Amino acid sequence: MVPSAFVMLEAIPLTPNGKVDRRALSEFSVKSLKLSTDTFVAPRTPEEKLLANIWASVLGIEQVSIHDSFFELGGHSLLATQLMLRICETFLVDIPLHHLFQSPTVAGIAKIIDTSRQAKIVDTKTIIDLNAEAVLDITIQPPKISVDVFAKPSSIFLTGATGFLGTYLLYDLLMQTRANIYCLIRSSSVAEGKQRLESTLESYSLWNETFHSRIIPIIGDLSEPLLGIPEPQFRHLANQIEIIYHNGAWVNHIYPYSVLKAANVLGTQEVLRLASQIKPKPVHFISTTGVLFSSANVDTDTQIKIVRESDFLDASQVIESGYVQSKWVAENLVREAGLRGLPVCIYRPTRIGGDSQTGISNPNDFLNLAIKGYIQLGKVPILDDKKENIIPVDYASRAIIHISQQTDLLGKTFHLVNPRPILLSDLVNWIRSLGYSLEETAYEQWRTELNHHQENVLYPFLSLFPQDKSSDKKLPRTKVPQFDSQNTLEGLSTDIVCPVVDTELFGIYFSYFWSSGFLARPSGQKTSIQPDLINGVKEI
Ligand SMILES: NC(=O)c1ccc[n+]([C@@H]2O[C@H](COP(=O)([O-])OP(=O)(O)OC[C@H]3O[C@@H](n4cnc5c(N)ncnc54)[C@H](OP(=O)(O)O)[C@@H]3O)[C@@H](O)[C@H]2O)c1
């Protein structure tokens, strides 16, 4: 493969755990890109000239051909947000971010600006027919032979093992089975893949030397046909594997469905193909409670609505989030595979928080970024009575593995939720009691301030905070559904209980934020911590 660009870095970015921060790496702008003079087309109008200048400045390159794709020039979610904000400010138009994905060139955006000025309508969203997307390839037909359901498998296939939840699933599978774990991983070589899997476990303090021989990297990519695995190896795996945990996904709340489809939807289809080839194998699919977020599923003044594990939303009720749409479609493919005879389980976790013992968490998690962004700004938007449902990652993983080992539970869906959601206003008070100053401001004012702070970690997510809150169709802002979790509770033994998220647990989380460098300690902290919170804050 010939690299399309070279990026000079002063230092390799590291995560708080000291490993190479691959995500941060991908966020670096392309500073020294040489454009092909063969394909260069200069701007033709004053608008295109202005746009090309904005693009070049945001991307940090000298010049932009009007047909160059923003994303092929090194654009990513942070830069996309910056680009569209500068375009809207310069041209005094309101063009939503998703247009950049549909028309990622100077020429394309110039056309959209022109249309918007003439017709005064811009938000012509591409309507995705989710039902049409959720059609499972007809060739995926599990053989009609009895399914070998191994309570004690010797070969397990796991996707997303380098991610937050995936690292814990890998650890629990290694601890609770004697199986070899075949981990799908994007990597240039088996040796590098293995090294990455092991160092990720190490960074979460989960590494154990005895794991070495049982972790088997499978080089591939969810977004490619046959998972990017050569056909003979794919068939070999299909024969060898006894059970599949499909946890990998592109978890990105900014990109639209069209961008996430390959990894999240087609990747799931390929996993189901693997599961159906040669012999049917059980598939444990990690979905999300997000697939049930809808105004149809929240309480009204007159009715309390409990969302059950057997519930699923009609396509028309799914919220306008590319990520959630992709998970909804993927879940439907899994369900269809179940109807065709594959034994499947669906797990819908709510927001996954840090480890309840070590506090180690995912620095890129949206709640962590929100906490950091609020602290950086010194301000929070007024949160009304908004609640957050958080489950610690160690609980989520243990619960999934425990349930998946009970063969009589195959075919069911499980909600992984905390029976005690927290009020976000309580969370803000806990943060204040640690010594951080947080002023509550009206939402519109808070958003305006965020717009002026490009260095704030929440800035790349500006598109998730609509200017006009009443027009927000993404999430019911003040209410979240109440999830019933009967199947989960029945499937768990009494010693696997979801920890309460309280000041003590947040104390553990903040200890990790400080020791990892994710957050700076507040100045004058010692005098302002409440006694109960001090108890929860331990040095790691
Ligand atoms: N985190 C939450 O709060 C939450 C809540 C509900 C449900 N979930 C679900 O739980 C699962 C895990 O989430 P997470 O938070 O642990 O995500 P994460 O940390 O972003 O990890 C995602 C994993 O998927 C892998 N992956 C992504 N695209 C891939 C591709 N094209 N080919 C191969 N591997 C790919 C990543 O590999 P790289 O390391 O190479 O990027 C990584 O191992 C997801 O299915 C997510 O939808 C998460």
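This is a short tour of one protein chain, stop by stop, for use with the viewer open. The model is predicted.

**Stop 1: the whole chain**

Start with everything shown as a cartoon. The secondary structure comes to 19 helices and 15 strands. The chain has 540 residues, and 54% of them count as buried. Now think about contacts between residues at least 6 apart in sequence. Of these, 78% join residues at least 24 apart.

**Stop 2: a pair of tyrosines**

Next, colour the aromatic rings. The structure holds 23 aromatic pairs. Select Tyr168 and Tyr204 to see one of them: the ring centres are 5.6 Å apart, with 75° between the planes, and the pair is edge-to-face. Where in the chain do Tyr168 and Tyr204 sit? Tyr168 belongs to helix α7 (residues 164–176), while Tyr204 is in the loop between α8 (190–203) and β3 (215–219). They are 36 residues apart, and the pair links distant parts of the chain. Are the two residues buried or exposed? Tyr168 has 2% relative accessibility, so it counts as buried. Tyr204 has a relative accessible area of 6%, so it is buried too.

**Stop 3: a pair within one helix**

Go to helix α17 (residues 503–516) and select Phe510 and Phe513. Their ring centres are 5.1 Å apart and their planes meet at 70°. Planes over 60 degrees apart count as edge-to-face, so this pair is edge-to-face. Phe510 and Phe513 are three residues apart in the helix, so about one helical turn separates them. Phe510 is buried at 1% relative accessibility. Phe513 is buried as well, with a relative accessible area of 1%.

Now widen the selection. Which residues form one aromatic cluster with Phe510 and Phe513? Add Trp430, Tyr436, Phe506, Tyr509, Trp514 and Phe518.

**Stop 4: charges over rings**

Keep Phe518 on screen and add Lys372. The charged end of Lys372 sits over the ring of Phe518, 4.7 Å from the ring centre. Then move to Phe312. Which residue lies over its face? It is Arg335, at 4.0 Å from the ring centre.

**Stop 5: two packed helices**

Two packed helices are described by the angle between their axes and the distance between the axes. Select helix α12 (residues 366–377) and helix α14 (residues 424–433). They pack at an angle of about 55°, and their axes are 12 Å apart. α12 and α14 are therefore oblique to each other. Their crossing is right-handed. Show side chains to find the contact: α12 gives Leu367, Ile371 and Ile375, and α14 gives Leu424, Leu427 and Ile431.

Stay on α14. Which of its residues are buried? They are Leu424, Leu427, Val428, Trp430, Ile431 and Ser433. Trp430 also appeared in the aromatic cluster. Just beyond, α14 is followed by Gly435, which has a positive phi, near 110°.

**Stop 6: a loop residue**

Finish at Ala520, in the loop between α17 and α18 (525–528). Is Ala520 buried or exposed? Its relative accessible area is 56%, so Ala520 is exposed. Leave aside its neighbours within four places in sequence, and Ala520 is in contact with Tyr436 and Trp514. Both of these residues belong to the aromatic cluster. Last, pick the C-alpha atoms of Ala520 and Ile375. They lie 9.8 Å apart in space, yet the two residues are 145 apart in sequence. Ile375 is one of the α12 residues that make the contact with α14.

Key. Residues are numbered from 1 along each chain as its sequence is written. This is a predicted model: local features need pLDDT of at least 70, side-chain atom pairs count only at pLDDT 80 or more; totals for chains, interfaces and linings use all residues. Side-chain values use heavy atoms; hydrogens and water are left out. Rings of Phe, Tyr and Trp (its six-membered ring) pair if their centres lie within 6.5 Å; planes under 30 degrees apart count as stacked, over 60 as edge-to-face and the rest as tilted. Helices (H or I, at least four residues) and strands (E, at least two) are DSSP runs, numbered from the N terminus. Buried means under 20% relative accessible area, exposed over 50%, partly exposed in between (1.4 Å probe, protein chains only). A charge sits over a ring if NZ of Lys or CZ of Arg is within 6 Å of the ring centre and within 35 degrees of the ring normal. Axes are lines fitted to C-alpha atoms, for helices over the stretch in contact, and angles run from 0 to 180 degrees between N-to-C directions. Angles under 35 degrees count as roughly parallel, over 145 as roughly antiparallel, 65 to 115 as roughly perpendicular and the rest as oblique. A crossing is left-handed if the near helix is turned anticlockwise from the far one by less than a right angle, and right-handed if clockwise. Contact means heavy atoms within 4.5 Å.
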